[in-house]
Amino acid sequence: MSVFKIEKNKNYTIMSNYHLRDRNLTYKAKGLLSFMLSLPEDWDYSLNGLVAVSKESKDGIRSILKELQEHHYLEIKK
């Protein structure tokens, strides 16, 4: 499994373009992954935590997370 190295400064995040150029991902998946990569490591990455900062419904976020999991961009632990 690959690990993304992210450089975070006060209001900037530097990340690889790899996931942004993956034609297998929807724009929603690319956006959510980019947003998640910009968050602090101790942030609440739960479904409820992501819904709380989004206009997407719980089902919408769940669907995007499933897409990212299917394409091996994240691992979901319960």
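W43 is partly exposed in this predicted model, with a relative accessible area of 23%. Its neighbour in space is Y45, and the two residues form an edge-to-face aromatic pair, 5.7 Å from centre to centre and with 80° between the planes. Y45 likewise counts as partly exposed, at 33% relative accessibility. Both W43 and Y45 are touched by L50, whose contacts also take in L32, M36, D44, I61 and L65, leaving aside residues up to four places away in sequence.

L50 leads straight to the interior. The largest nonpolar core has 13 residues, and those touching the most other members are L32, M36, L50, L65 and L68. Helix 1 and helix 3 each supply at least two residues of this core. The greatest contribution comes from helix 1, which gives 5 residues.

Helix 3 deserves a closer look. This helix runs over residues 58–70, and its 13 residues reach 18 Å from the first C-alpha to the last, close to the 18 Å expected at 1.5 Å a residue. Its buried residues are G60, I61, I64, L65, E67 and L68. These residues cover an arc of only 155° around the axis, and therefore lie on the same side of helix 3. The arrangement can be read against helical geometry: an α-helix has 3.6 residues a turn, so residues three or four places apart point the same way. The cover over the buried residues of helix 3 includes helix 1 (27–38) and helix 2 (47–52). After helix 3 comes H72, which has a positive phi, near 65°.

A salt bridge also sits within helix 3, where the side chains of D59 and R62 meet at 2.8 Å, N to O. D59 and R62 are separated by about one helical turn, because they are 3 residues apart in helix 3. D59 is exposed, with a relative accessible area of 55%, while R62 counts as partly exposed at 42% relative accessibility.

The structure holds 3 salt bridges. Another of them joins the side chains of E56 and K28, at 3.5 Å from N to O. Here E56 belongs to the loop between helix 2 and helix 3 and K28 to helix 1, so the pair ties together parts that are 28 residues apart in sequence. E56 counts as partly exposed, at 28% relative accessibility. E75 and K77 form a salt bridge as well, their closest N and O atoms being 3.9 Å apart. In this pair E75 is partly exposed, with a relative accessible area of 48%, and K77 is exposed, with a relative accessible area of 69%.

Aromatic pairs complete the picture. A search of the whole structure finds 2 of them. Besides the pair of W43 and Y45, there is one between Y18 and Y73, whose ring centres lie 6.3 Å apart; their planes stand at 45°, so this pair is tilted. Y18 is placed in the loop between strand 2 (12–14) and helix 1, and Y73 in the segment after helix 3, so the pair ties together parts that are 55 residues apart in sequence. The two partners contrast in their surroundings: Y18 is exposed, with a relative accessible area of 58%, whereas Y73 is buried, with a relative accessible area of 12%.

Conventions
Residues numbered from 1 in each chain as written. Predicted model: local features only at pLDDT ≥ 70, side-chain atom pairs only at ≥ 80, totals over all residues. Heavy atoms only, no water. Helix = DSSP H or I, 4+ residues; strand = E, 2+ residues; numbered from the N terminus. Expected span 1.5 Å × (residues − 1). Buried < 20%, exposed > 50% of the residue type's maximum accessible area, 1.4 Å probe, protein only. Arc of directions from axis to C-beta. Contact = heavy atoms within 4.5 Å. Core = buried A, V, L, I, M, F, W, Y, C linked by side-chain atoms within 4.5 Å. Phe/Tyr/Trp six-rings, centres within 6.5 Å; stacked < 30°, edge-to-face > 60°. Salt bridge = Lys/Arg side-chain N within 4 Å of Asp/Glu carboxyl O.
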